[in-house]
Amino acid sequence: MLLRLAEPDDTMAVARVHVRSWQVGYRTLLPGDFLDRLRPEDRAERYDFATRDPGKACTIVALQDGDILGFATVSPARDADLPDHGELCAFYVDPPWWGRGVGRALISAARAHLVEQGFRHAMLWVIAGNVRAERFYRVDRWAPDGFRRAVARQGLTLDEIRYRRDLAE
């Protein structure tokens with residue numbers, strides 16, 4: 001498996017992984033008709049893999065034989081109360097690759113990238129009830145910090161829990 005920064009040509013492959021991950025991983029958390037309407041073309045419009053500005057989001061992809069297996073997007077934290085934190089903004093592995101080490105490799109690379117950017121602490125948001133993700137993050141020593149939020153996205157309101165971790169561990 002190869003880990004590298006995403007490039008502009010990766011846009012559609014990353015979007016396909018993103019959509020498939022939502023459609024499988026959130027099937028019991030979000031309405032089925034909403035998940036069935038997700039399209040990689042719509043998701044791809046949101047990515048900017050050309051920038052290398054450290055103040056903006058950066059995406060790391062995991063590849064095998066040229067296929068993107070998953071990705072992690074990190075940036076400076078967007079939460080105003082955590083100005084000294086990095087953020088894991090997006091973290092998805094293609095469902096056929098779940099449980100095969102891709103996620104562990106990606107999250108390790110994401111943490112390392114945040115450390116290289118000078119961050120000693122990190123945060124992320126996870127949809128409440130996403131047991132698989134919560135278990136994964138806890139194994140990687142992330143812990144809920146007591147903050148929750150309701151976020152409106154694409155006509156849905158998502159209940160999210162904030163997790164944090166020390167990157168020096």
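This passage describes helix 1 and the nonpolar cores of a predicted model.

Because the model is predicted, local features were considered only at pLDDT of at least 70 and side-chain atom pairs only at pLDDT 80 or more, whereas totals for chains, interfaces and linings use all residues. Residues are numbered from 1 along each chain as its sequence is written, and side-chain values rest on heavy atoms, with hydrogens and water left out.

Helices (DSSP runs of H or I, at least four residues) and strands (DSSP runs of E, at least two) are numbered from the N terminus. Helix 1 comprises residues 11-25. Its 15 residues should span 21 Å at 1.5 Å a residue, and the end C-alpha atoms are 21 Å apart, which agrees; the expected span is taken as 1.5 Å times one less than the number of residues.

Burial was assigned from relative accessible area, with buried meaning under 20%, exposed over 50% and partly exposed in between (1.4 Å probe, protein chains only). The buried residues of helix 1 are Thr11, Val14, Ala15, Val17, His18, Val19, Ser21, Trp22 and Gln23, and they pack against helix 2 (32-37), helix 3 (40-44), strand 2 (58-64), strand 3 (67-76) and strand 4 (85-93).

Thr11 has a relative accessible area of 18% and is therefore buried. A polar atom of the Thr11 side chain lies 2.8 Å from the backbone oxygen of Pro8. When residues up to four places away in sequence are not counted, Thr11 touches Ala44, Tyr47 and Phe49, a contact being heavy atoms within 4.5 Å. Val24, also placed in helix 1, has a relative accessibility of 46% and so counts as partly exposed; with the exclusion of residues up to four places away in sequence, Val24 touches Pro95 and Trp98. The C-alpha atoms of Val24 and Leu88 are separated by 21 Å, the two residues being 64 residues apart along the chain.

A nonpolar core is defined as a set of buried Ala, Val, Leu, Ile, Met, Phe, Trp, Tyr and Cys residues joined through side-chain atoms within 4.5 Å. The largest such core holds 26 residues, of which Leu88, Leu106, Tyr137 and Trp142 touch the most other members. At least two residues of this core are supplied by each of strand 2, strand 3, strand 4, helix 4 (102-116), strand 5 (121-127), helix 5 (131-139) and strand 7 (156-166), and the largest share, six residues, comes from helix 4. A second, separate core of 23 residues includes Tyr26, Phe49, Leu63 and Phe71.

Notes: A polar contact is a pair of N or O atoms within 3.5 Å; within protein, one must be able to donate a hydrogen and the other to accept it, and residues adjacent in sequence count only if both atoms are side-chain atoms.
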